[in-house]
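Subject: Structure for you to look at

Hello,

I am passing on a structure that you have not worked with before. Please look through it before reading my notes.

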Amino acid sequence: IQLRASQVSAAKILAQEAKHGTSSVRQMIMGSGKTTVLTPCLVAMLADGSRFVSVVVPSALLVFTRTALSARLGRAALGYRPVRTLHFGRRTPMVKPVLQRLALCAK
């Protein structure tokens with residue numbers, strides 16, 4: 001995979017902030033590789049076996065994002081990392097079955 005300088009810069013900044021527990025937002029233009037390049041890179045960098053990484057997307061982008069992540073993270077070089085889908089909404093109650101599914105995903 002070949003990254004543009006702006007993608008490398010954004011990935012480094014976002015990864016550093018995530019590792020320090022800092023929330024951050026970056027604005028990028030359409031076609032800059034947010035879903036197909038940057039997100040898989042960040043997930044691969046941050047999901048180190050001790051950290052649970054979640055990617056939150058609106059339902060309209062779910063299929064495309066899940067497909068992009070599966071295609072990139074499911075490679076041998078990255079250890080065939082699974083991509084799982086959990087449906088949440090603002091009103092999703094945190095009941096035992098939901099928490100059990102989250103715990104299963106974190107393993």
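The notes below are about its pockets.

This is a predicted model, in which local features need pLDDT of at least 70, side-chain atom pairs count only at pLDDT 80 or more, and totals for chains, interfaces and linings use all residues. Residues are numbered from 1 along each chain as its sequence is written, and side-chain values use heavy atoms, with hydrogens and water left out.

The largest pocket (on a 1 Å grid over the protein atoms alone, an open set of points where a 1.4 Å probe fits, with protein on both sides within 12 Å along at least five of seven lines) has a volume of about 940 Å³. A volume here is the space filled by probe spheres set on the points, which are joined across faces, edges and corners.

Its lining (residues with an atom within 4 Å of a point) has 30 residues, and Phe52, Val53, Ser54, Val55 and Arg84 lie nearest the centre. By type, the lining has 18 nonpolar residues (Ala, Val, Leu, Ile, Met, Phe, Trp, Tyr, Cys and Pro), five charged (Asp, Glu, Lys and Arg) and seven polar (the others, Gly among them). Helices (DSSP runs of H or I, at least four residues, numbered from the N terminus) H3 (62–73) and H4 (96–106) each supply at least two lining residues; H3 gives the most, five.

The second largest pocket holds about 620 Å³ of space. Leu14, Ser24, Val25, Arg26 and Leu42 are the closest to its centre among its 20 lining residues. H1 (5–19) and H2 (34–46) each supply at least two of them, and the largest share, seven residues, comes from H2. This lining divides into 11 nonpolar, seven polar and two charged residues.

Regards
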